[in-house]
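Me: I'm new to reading protein structures and I'd like to go through one with you. Can we take it a question at a time?

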Amino acid sequence: MLLTLAVAAGLVSCRTGPAYPAEWWQPVPTNGAPSWEIFPQEAKPGEVILSKRNELGLLSNFAPTPFVFHGQRYASMEGFWQMMKFPEDAQDPRATFPGLQWIYTREQVSRMSSFVAKRAGDLANTNMAKMGIDWVTFEGRRMEYHSAAPGAHYQLILEATRAKVAQNPNVKRILLATGNLVLKPDHNQGANPPPAWRYYDILMQIRTELRRSEN
């Protein structure tokens, strides 16, 4: 009865912690849902799923949250992420490798978001596999893509995510509103995803940094 009243009021409390919007855990139908999705109702006590089905979706890399990084504007973190797989110029080994087709330019991908950017990245993954490479680039620097330890790629994603949060007031507001909740992904990433792929962990680190800077 008390839980029903709390949900009706639009707030829920995680044990003795602050109240959070009930919609963050609102159950959604699973029939017909994509196989990759982790649903809001799957969160354990003290957790919240960064579901694209509610406002927490702004924290997703897919969200159209424009930001400027190193003087370049990106439409989303996903666009930033995927464009690093594409050739930087005509002399780039990815551009000169025989038989590959790049149907988008790096600049075009940087202006993409959501599944459009993801699909562009999937095409690039195919080309990378044909080349037998596991590196991406930023400003001419090669970085290992599937790195098991936080390396150059991780640091770059961390810095870009900081820029996204700082330049999008609603993103910052929602991130801070998650309080002490453990942030979890809304999609299956397999076992032991590289640190750079754990956007939820990166966001929790940034959340801690924001709190410290405001104290």
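Reply: Sure. Let's begin with a definition: the expected span of a helix is 1.5 Å times one less than its number of residues. Keep in mind that this is a predicted model.

Me: Okay, let's use that. How far apart are the end C-alpha atoms of helix α6, and what span should its 16 residues give?

Reply: Helix α6 covers residues 152–167, which makes 16 residues. At 1.5 Å a residue they should span 22 Å. In the model the end C-alpha atoms agree with that, being 23 Å apart.

Me: Which residues of α6 are buried?

Reply: Buried means under 20% relative accessible area. In a helix, residues three or four places apart point the same way, because an α-helix has 3.6 residues a turn. For α6, the buried residues are H153, Y154, L156, I157, L158, A160, T161, A163, K164 and V165.

Me: What covers those buried residues of α6?

Reply: Both strands and helices are included in the cover. Among the strands are β4 (67–69), β6 (135–138) and β7 (141–144). The helices include α2, α7 (169–177) and α8 (199–214).

Me: Now the open spaces. Which elements give two or more residues to the lining of the largest pocket?

Reply: The largest pocket has a volume of about 480 Å³, and 19 residues line it. F62, E78, K118, H187 and Q189 are the ones nearest its centre. The elements giving two or more residues to that lining are α2 (77–83) and α5 (114–131).

Me: Which element gives the largest share of that lining, and how is the lining made up by class?

Reply: By class, the lining of the largest pocket has seven nonpolar, seven polar and five charged residues. The largest share comes to four residues, and they belong to α5.

Me: What about the largest cavity: how much space lies in it, and which residues line it?

Reply: The structure holds one cavity of 30 Å³ or more. Its lining is Y145, S147, A149, P150, G151, H153, Y154, P194, P195 and A196. By class that gives seven nonpolar, three polar and no charged residues. As for the space in the largest cavity, it's about 30 Å³.

Me: Let's zoom in on Q82. Is Q82 buried or exposed, and what does it touch?

Reply: Q82 sits in helix α2. Its relative accessible area is 3%, so it is buried. Skipping residues up to four places away in sequence, Q82 touches V109, A117, K118 and G121.

Me: And N127: which backbone oxygen lies 3.0 Å from a polar atom of its side chain?

Reply: N127 belongs to helix α5, and it is buried because its relative accessible area is 5%. If you leave aside neighbours within four places in sequence, its contacts are L100, Q101 and W102. The backbone oxygen lying 3.0 Å from a polar atom of the N127 side chain is that of Q101.

Me: How far is the C-alpha atom of M204 from that of L183?

Reply: M204 is in helix α8, and with a relative accessible area of 17% it counts as buried. Not counting residues up to four places away in sequence, it touches L181, V182 and L183. M204 and L183 are 21 residues apart along the chain, and their C-alpha atoms are separated by 7.0 Å.

Me: P45 caught my eye too. What separates the C-alpha atoms of P45 and V182?

Reply: P45 is in the loop between β2 (19–21) and β3 (47–49). Its relative accessible area is 65%, so P45 is exposed. Along the chain, P45 and V182 are 137 residues apart, while the separation of their C-alpha atoms is 9.2 Å.

Me: Last one, on backbone angles. What are the phi values of S114 and E139?

Reply: S114 is found in helix α5 and is partly exposed, at 27% relative accessibility. E139 is in the loop between β6 and β7, and its relative accessible area of 54% makes it exposed. Neither is a glycine, yet phi is positive in both. The values are near 55° for S114 and about 50° for E139.

Conventions:
Residues numbered from 1 in each chain as written. Predicted model: local features only at pLDDT ≥ 70, side-chain atom pairs only at ≥ 80, totals over all residues. Heavy atoms only, no water. 1 Å grid on protein atoms, 1.4 Å probe; cavity = no way out; pocket = protein on both sides within 12 Å on 5 of 7 lines; lining within 4 Å. Points joined across faces, edges and corners; volume = space filled by probe spheres on them. Nonpolar A, V, L, I, M, F, W, Y, C, P; charged D, E, K, R; others polar. Buried < 20%, exposed > 50% of the residue type's maximum accessible area, 1.4 Å probe, protein only. Contact = heavy atoms within 4.5 Å. Polar contact = N/O pair within 3.5 Å; in protein donor to acceptor, adjacent residues only side chain to side chain.
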